[in-house]
Amino acid sequence: MPSTTLDLATGAVDHDKCRRLLDATTTVGVKPFAAAMMAAVVRYDETVAGEGRGGFLVPHLSSANNLALVAVDGDDAIVGYVVVAMTSVTTTRIVSPLYGETSACRRQLLARAMLSLPETLTVDAMFADENTSAADMFTAAGFSFQPAWKRMYTRKELALPWSKVAAMLNLDILSI
């Protein structure tokens, strides 16, 4: 059965570190998710995930308990998105998912999301252990790695474009 090993990073929101992730030269803009963007975000997600997940994404993106932001290019096309979801532990949130076309896009999304949260709030993220760019980004934002990792099993080979995936969307968030 195909599987991927995921690393867990956790950290308290640190606005100073997150401001350093921002890139004033990027052409990527970050906006709060709005219902009018739903179809475009679901289409974008399908290009990353490789299959339609609208049935799950629609309530995940529109939940009042979750923070959802989208990245747009100069033509206002979706080039990434992030959801910071509430977990069953009310003092912790999880970045699930964080997808973006470029490293700069993913950094902008993470920084803007963390700057929207209160400082010292605990936030977790899970990503493929081979994704060193995600590890570097979360470390720069003040996250540290936990001595726990998880193996995610799938029905078929997981063919995600790891260059676009900074944090996984996984079923753990359904344990709310």
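This passage describes the nonpolar cores and the salt bridges of a predicted model. Local features were considered at pLDDT of at least 70 and side-chain atom pairs only at pLDDT 80 or more, whereas totals for chains, interfaces and linings use all residues. Residues are numbered from 1 along each chain as its sequence is written, and side-chain values use heavy atoms, with hydrogens and water left out.

The largest nonpolar core (a set of buried Ala, Val, Leu, Ile, Met, Phe, Trp, Tyr and Cys residues joined through side-chain atoms within 4.5 Å; buried means under 20% relative accessible area, exposed over 50% and partly exposed in between, with a 1.4 Å probe and protein chains only) has 29 residues, of which Val82, Val95, Leu98, Leu110, Met114 and Phe138 touch the most other members. Among the elements giving two or more residues to this core are strand S4 (78-86), strand S5 (92-100) and helix H4 (103-115), where helices (H or I, at least four residues) and strands (E, at least two) are DSSP runs numbered from the N terminus. The largest share, 6 residues, comes from H4. A second, separate core of 18 residues includes Phe33, Leu57, Tyr81 and Val83.

The structure holds 3 salt bridges, each defined as a side-chain nitrogen of Lys or Arg within 4 Å of a carboxyl oxygen of Asp or Glu. Lysine 31 and aspartate 76 meet at 2.7 Å, N to O; because lysine 31 lies in strand S2 (residues 29-32) and aspartate 76 in the loop between S3 and S4, this pair ties together parts that are 45 residues apart in sequence. In another salt bridge, aspartate 45 and arginine 53 meet at 2.6 Å, N to O, and both of these residues are buried.
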